[in-house]
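Biologist: I have just opened this one and I'm new to it. Could you walk me through it while I look?

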Amino acid sequence: MLNIDLHCHSTISDGLLTPTQLVEHAAERGVEVLALTDHDDVGGLAEARQAAAEKNITLVNGVEISVDWRGQTVHIVGLGIDPEHAQLVQGLMSIRDGRKVRARNIAAQLDRFGIHGSFEGACRNAGDGHLIGRMHFARFLVQQGYAKDAKSVFRKYLVKGKPGYAPHQWVPLGEAIGWIRDSGGRAIIAHPGRYKLDKKALDDLLGEFRALGGEGIEVVTGSHTPEQARLFARHSQRLGLLASRGSDFHGAGESHFDLGGIPELPSLCTPVWHDWVGIGK
Ligand code: AMP
Ligand code: MN
Ligand code: MN
Ligand code: MN
């Protein structure tokens, strides 16, 4: 079977490995086709491409865009994008600018709760000039001894209703799909099983996504149970959406699944790579 992993993160966003280290790790794990999908940034793709050439891995240009849908954060993966496409580059830059504002708001919330220095701490974890996200706050809070691991930090501090939560308006769904398509890529709904949506809202999201030009959903991801994989395989078949497979790997100890170490797509799915030249044939 083709070992293909179409969702992972490097230090360009909130992963723990540099793009080169990530590709080397993928090679060790026997991954043959890898998409680097950093949050709201394509700045790691050039380095990843160079490393992939050395390791004989096929690199797919990817990104994971944070969008707003009916007041909820939804993640859209773009595969096969052009990282130099002006509209995409500009759009992602505007999201990263918004992240800085949100980070200040998160830090102000934590300050009110008696936790100080989190903006600086999160920036240190993000690395100079890099995108800042909740994971960088999570690591700061773990370093300060507020919780034992990132997962419990999120639960206790960084989600809605908790002390370090700051609401944020991401870009509209249609805009992100537009950037992805206009740059030559395919838009995929990331980890659809993770959103807190009832059945009707989920159907609405899938329908709207498709009407706006979205082409696929992640069926097998590090955040789906086997049951959810079966459920979304059926959704993909019913709606004529392509199916994707990705670990959402962020680093050892922070992800349940290693690169490539997730189940195969159910056989009823049409893989998102079915028409990619030279892949999986
Ligand atoms: P952000 O885009 O800055 O809001 O951060 C979202 C990222 O935080 C996700 O991509 C994950 O890496 C991480 N994350 C979100 N929720 C959790 C959670 N419950 N446990 C661990 N990591 C999480
Ligand atoms: Mn992440
Ligand atoms: Mn995501
Ligand atoms: Mn991700």
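Biologist: Is arginine 29 buried, partly exposed or exposed, and what is its relative accessible area?

Modeller: Before anything else, please keep in mind that this is a predicted model. In it, arginine 29 has a relative accessible area of 42%, so this residue counts as partly exposed.

Biologist: Which side chain does arginine 29 meet in a salt bridge?

Modeller: The side chain of arginine 29 meets that of aspartate 258, with 3.3 Å from N to O. Arginine 29 sits in the loop between helix 1 (19-28) and strand 2, while aspartate 258 sits in the segment after strand 8, so the salt bridge ties together parts that are 229 residues apart in sequence. Aspartate 258 is also partly exposed, because its relative accessible area is 23%.

Biologist: Why can side chains like that pair?

Modeller: In general, side chains of opposite charge can pair because their charged atoms come close.

Biologist: How many salt bridges does the structure hold?

Modeller: The structure holds 14 salt bridges. One of them is formed by arginine 139 and glutamate 254, whose closest N and O atoms are 2.7 Å apart. That pair links distant parts of the chain, with arginine 139 in helix 5 (residues 134-143) and glutamate 254 in the segment after strand 8, 115 residues apart.

Biologist: And what about burial for those two, arginine 139 and glutamate 254?

Modeller: Arginine 139 counts as buried, because its relative accessibility is 10%, whereas glutamate 254 is partly exposed, with a relative accessible area of 26%.

Biologist: Which residue does aspartate 203 meet in a salt bridge?

Modeller: Aspartate 203 meets arginine 238, at 3.4 Å from N to O. Here the link runs between two helices, since aspartate 203 belongs to helix 8 (residues 199-211) and arginine 238 to helix 9 (residues 226-239), 35 residues apart. At 27% relative accessibility aspartate 203 counts as partly exposed, while arginine 238, at 51%, counts as exposed. There is also a network, in which salt bridges that share partners join Arg181, Arg186, Glu215 and Asp275.

Biologist: Switching topic: which residues are the protein donors of the manganese ion (ligand 2)?

Modeller: The protein donors are Asp14, listed twice through OD, together with His39 and His250, each through NE2, and they lie 2.2 to 2.7 Å from the ion. Along the chain, the donors follow the spacing D-x24-H-x210-H. Histidine 39 is in the loop between strand 2 (33-36) and helix 2 (45-55), and histidine 250 is in the segment after strand 8 (242-246), so the two are 211 residues apart.

Biologist: Are those two histidines buried or exposed?

Modeller: Histidine 39 counts as buried because its relative accessibility is 7%, and histidine 250 counts as buried at 11%.

Biologist: Why is the arrangement around the manganese ion (ligand 2) irregular?

Modeller: The 6 donor atoms around the manganese ion (ligand 2) subtend angles of 51 to 159°, and that makes the arrangement irregular. For six donors to count as octahedral, opposite donors would have to be over 155 degrees apart and all others between 65 and 115.

Biologist: What coordinates the manganese ion (ligand 3)?

Modeller: The manganese ion (ligand 3) is coordinated by Glu64 (OE), His75 (ND1) and His191 (NE2), at 2.1 to 2.2 Å. Glutamate 64 lies in strand 3 (residues 58-69) and histidine 75 in strand 4 (residues 72-79), 11 residues apart. Glutamate 64 is buried, with a relative accessible area of 1%, and histidine 75 is buried as well, with 13%. As for the two ions, 5.7 Å separate the manganese ion (ligand 3) from the manganese ion (ligand 2).

Biologist: Last topic, the strands: how many residues of strand 7 are buried?

Modeller: Strand 7 (residues 216-221) is mostly covered, as 6 of its 6 residues are buried.

Biologist: In which sense does strand 7 pair with strand 6 and with strand 8?

Modeller: Strand 6 (residues 186-189) and strand 7 pair in the parallel sense over 2 bridges, with isoleucine 189 opposite isoleucine 217 in strand 7. The chain passes from strand 6 through helix 8 to strand 7 in a right-handed β-α-β crossover. Strand 7 and strand 8 pair in the parallel sense over 5 bridges, and there valine 220 stands opposite arginine 245 in strand 8. From strand 7 the chain crosses through helix 9 to strand 8, and this β-α-β crossover is right-handed.

Conventions:
Residues numbered from 1 in each chain as written. Chains lettered and ligands numbered in written order. Predicted model: local features only at pLDDT ≥ 70, side-chain atom pairs only at ≥ 80, totals over all residues. Heavy atoms only, no water. Donors = N, O, S within 2.8 Å, 3.2 Å for Na, K, Ca; no water. Tetrahedral: all angles 85-135°; square planar, octahedral: opposite > 155°, others 65-115°. Helix = DSSP H or I, 4+ residues; strand = E, 2+ residues; numbered from the N terminus. Buried < 20%, exposed > 50% of the residue type's maximum accessible area, 1.4 Å probe, protein only. Salt bridge = Lys/Arg side-chain N within 4 Å of Asp/Glu carboxyl O. Pairing = 2+ DSSP bridges. Right-handed = clockwise from strand over helix to strand, strands pointing away.
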